[in-house]
Amino acid sequence: MIKITANVLKQVIEQAKAELPDESCGYLLGKAGAITEHFRMTNIDHSPEHFSFDPQEQFAAIRYARTNGLEIIANWHSHPVTPARPSEEDIRLAFDPQIHYFILSLAEKEPVLNAYRIINGAAGKIPLEIITP
């Protein structure tokens, strides 16, 4: 089980909608398995089918987390027109077995956010709990 605040979820959805038709992305930060902060990132591919983080923003996120006593719990990206599950490309590019991978689908009327661990090419869904701080 991983927890995410309702406010962070709202920020993720707002970013994803604002950046349509492209995929959007970011980091999710917190402590002890509870996500309390969203670190917005730029999809430098500017594509509706894939994303890449800006390396300078990645370093800024790491510095921010360390400075504020947080850890990067997950990275996230949106799927503008496909379900909230890892694509073959998502699985192929998932190199860090310690991080959670969140996917936000905007394919339906209501956004859907799912969390996964991806290890050795296998994606396992993780239950999410939305909390209020």
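## Pocket, cores and ring pairs

The largest pocket has a volume of about 400 Å³. This comes from a predicted model, and everything below should be read that way. The pocket is lined by 19 residues, and those closest to its centre are Phe51, Phe53, Asn75, Leu93 and Tyr101. As for where the lining comes from, β4, α3 (88-92) and β5 each put in at least two residues. Strand β5 provides the largest share, at three residues.

Two of the residues at the pocket centre, Phe51 and Phe53, turn up again among the aromatics. Together with Tyr27 they make a cluster linked by ring pairs. The structure as a whole holds three aromatic pairs. In one of them, Tyr27 and Phe53 sit 5.0 Å apart centre to centre with 45° between the planes, which is a tilted arrangement. Tyr27 belongs to strand β2 (residues 25-31), while Phe53 is in the loop between β3 (34-41) and α2 (55-67), so this pair ties together parts of the chain that are 26 residues apart in sequence. Both partners, Tyr27 and Phe53, are buried.

Another tilted pair is made by Phe39 and Tyr64, with 5.9 Å between the centres and 50° between the planes. Here strand β3 supplies Phe39 and helix α2 supplies Tyr64, so the contact bridges parts lying 25 residues apart in sequence. The two rings do not fall in one burial class: Phe39 is buried, at a relative accessible area of 18%, whereas Tyr64 counts as partly exposed at 31%. The cut-off for buried is under 20%, so Phe39 with its 18% falls on the buried side.

Turning to the nonpolar interior, the largest core has 18 residues, and the ones with the most contacts inside it are Ile2, Ile4, Leu28, Ile35, Phe102 and Leu104. Several elements feed into this core: β1 (2-5), α1 (6-18), β4 (71-79), β5 (100-105) and β6 (112-119) each contribute at least two residues. Helix α1 gives the most, with five. Ile2 shows how such a core residue is surrounded. Setting aside neighbours within four places in sequence, Ile2 is in contact with Gly33, Ile35, Ile73, His100, Phe102, Ala115, Ile126, Pro127, Leu128 and Glu129. Among these partners, Ile35 and Phe102 are also on the list of residues with the most contacts inside the core. A second, separate core has ten residues, including Cys25, Phe39, Met41 and Ala65. Phe39 thus has two roles to list, as a member of this second core and as a partner of Tyr64 in the tilted ring pair.

Strand β5 also carries a polar residue worth a look, Ser105. With a relative accessible area of 4%, Ser105 is buried. What does its side chain reach? The side chain of Ser105 comes to 2.7 Å from the backbone oxygen of Thr82. A polar atom of that same side chain lies 3.2 Å from the backbone nitrogen of Ala107. Once residues up to four places away in sequence are left out, Ser105 touches His79, Thr82, Pro83, Ala84, Pro111 and Val112. Thr82 therefore appears both as a touching residue and as the owner of the backbone oxygen, going by the contacts and the polar distance.

A few backbone details round things off. Leu20 and Pro21 are joined by a cis peptide bond, with omega at about 10°, and Pro21 is found in the loop between α1 and β2. Two residues other than glycine have positive phi values: Ala32, at about 50°, and His46, near 45°. Ala32 lies in the loop between β2 and β3 and counts as exposed at 79% relative accessibility. His46 lies in the loop between β3 and α2, and at 54% relative accessibility it is exposed too.

Lastly, there is Lys10, a residue of helix α1. At 48% relative accessibility, Lys10 counts as partly exposed; exposed would take over 50%. From Lys10 to Leu20, ten residues along the chain, the C-alpha atoms are separated by 16 Å. Leu20 is also the residue on one side of the cis bond to Pro21.

How values were computed
Residues numbered from 1 in each chain as written. Predicted model: local features only at pLDDT ≥ 70, side-chain atom pairs only at ≥ 80, totals over all residues. Heavy atoms only, no water. Phe/Tyr/Trp six-rings, centres within 6.5 Å; stacked < 30°, edge-to-face > 60°. Helix = DSSP H or I, 4+ residues; strand = E, 2+ residues; numbered from the N terminus. Buried < 20%, exposed > 50% of the residue type's maximum accessible area, 1.4 Å probe, protein only. Core = buried A, V, L, I, M, F, W, Y, C linked by side-chain atoms within 4.5 Å. Contact = heavy atoms within 4.5 Å. Polar contact = N/O pair within 3.5 Å; in protein donor to acceptor, adjacent residues only side chain to side chain. 1 Å grid on protein atoms, 1.4 Å probe; cavity = no way out; pocket = protein on both sides within 12 Å on 5 of 7 lines; lining within 4 Å. Points joined across faces, edges and corners; volume = space filled by probe spheres on them.
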